[in-house]
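Biologist: Let us go through some labels and ask what each one rests on.

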Amino acid sequence: MVPTEIVLSGILVLVTVACWWTVKHFGSAIRHAGKLGGPVAYPLVGNGLLFIYKTPAEFLKLLGTLIAEYGQCFRVWLGTQLIVLSTDPKDIEVLLSSPKYIDKSTEYDFIRPWLGEGLLISSGRKWQTHRKVITPSFHFKILEQFVEIFDQQGHTLVDILRLFAKSGESFDVFPLVTLYALDVICESAMGTKVNAQMNSESTYVRAVKEITNLIQFRFYDFLLRYEFFFRLSGNRRRQLKALAILHGYTDSVIKARRQELKERLTSGTSEAQDDDVGAKKRMAFLDLLLQATVDGRPLTDLEIREEVDTFMFEGHDTTTTAISFLLYSLANNPTVQQKVYDEVLSVVGEDRSRPVTMSMLNDMHYLDLVIKETLRLYPSVPMFGRKMLENTEINGKLFPAGANVIILPFFLGRNAEYFPDPEKFDPERFNVETSAEKTNPYQYIPFSAGPRNCIGQKFAIAELKSVTSKVLRHYEVLPPVEPREISFIAELILRPEFGIPIRVKARV
């Protein structure tokens, strides 16, 4: 039997080594972070015990409780990872408006195996050059031809909803919108049809669902946040399998499109001119990348795959959330829904089969307000982060080097100081007169802001307007038979914990 003194000595040595290692590696961060305030943290685990037994829905409620207790800027430790949470528009303005703070926080590393160094994650010169190359892809003439895709896939969604209109029963609209958004983004990004709405069990569709679920697990699991433990888990094997399918599909499409482009150039067929976009030749995002150059050279297949996959990730999850919560808001606010419907009829007319154009969507001004109010309450990205590369003083507070600064649009939009009666759904708060009263535009940032703002926000708004106007021309959207409060899961994307139940009733 080992003497008690030896056991105690061993424990003492381990504690001493742990304390030495912590001070050596995190002494400066601990010293500066302590001045920010926050819940009591313990050696090595930090505040991990606060979060370890929380469900994803409880996580967001816990953040709300911490904000109420510690204010607009405070720190928490997840193990040895320092997190600074901010809902202070003044701090957020400095962080988002400056080109110095463009490195993404640690959480984005969980998506890196799928997206690589695409625009969402990359930094430095690569981010700058690729942002410059990709920005023209969202020129209004390009968006005009994407609107055709929105309309066609919206028609499929309307057909599917007919079954629910006949039954009159409540149903979860979230998975239906997910498949619609996936169809839209596949065709827009790659020029290929996966027919997700008609075949939700296809290999590619299931792989997208699998990879997003795995990313969600890592976001909350205290141990899986560390690469060492993740590599030992079964989740990594599942991830590799899903990635093989996703990357394999994108690579095959890139190879085929590149060969097609090469043959067109070899045969002397000129590429589509500006006047042809959306008319003779519909160009996918991929086609634009294949013809782009960086520093005089074409993009490699890997660079193109990274950007296409990034467009896929950002363009289907975020719009799914926005569309679903928009329909939910209309169902629960019939007066607002009627005003939107009246506006749609005045712009598009009585013919329900008439395709909408970009100019029609631009004329739906009240729907604009409704979308803004939806994104205030239900921002598709409830939190986003920046990595501090050096000790940085902002408005009298020191943000330590290595800290992940997490900005929380979800709580900004629900702050009564910035939005009176915040739980009330009131699109009029975004009319010109009311908006002019805002003292700081960084109180409302559903698409982020500054140099790393969402490059696809015009694409997203156009898609939201298109599908909403399409659905409302055919159906009245109603709340479920037994209404219940929606609970939220905050990951990289805001999700409903138990879906978004609505009903639809066919218009006469």
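Biologist: What makes β1 and β2 a pair, and how do they run?
Modeller: Six bridges join β1 to β2, and the two run antiparallel. Pairing needs at least two bridges found by DSSP, so the label holds. One of the partnerships is Cys73 with Ser86 of β2. Strands here are DSSP runs (E, at least two residues), helices too (H or I, at least four), numbered from the N terminus.

Biologist: What kind of model is this?
Modeller: A predicted one: local features need pLDDT of at least 70, side-chain atom pairs pLDDT 80 or more, while totals for chains, interfaces and linings use all residues. Residues are numbered from 1 along each chain as its sequence is written, and side-chain values use heavy atoms, without hydrogens or water.

Biologist: Why do β1 and β6 count as edges of the sheet?
Modeller: The open sheet has the order β1-β2-β9-β6, with mixed pairing. β1 (73-78) and β6 (384-387) each have a single partner strand, so one side of each lacks a neighbour in the sheet.

Biologist: Why is Thr87 called buried?
Modeller: Buried means under 20% relative accessible area, exposed over 50%, partly exposed in between (1.4 Å probe, protein chains only). Thr87 has 5% relative accessibility, so Thr87 is buried. Thr87 sits in the loop between β2 (81-86) and α4 (89-97). Its contacts (heavy atoms within 4.5 Å) include Ile67, Phe411 and Tyr418, leaving out residues up to four places away in sequence.

Biologist: And Leu232, buried or exposed?
Modeller: Leu232 lies in helix α10 (residues 227-232). At 60% relative accessibility, Leu232 is exposed.
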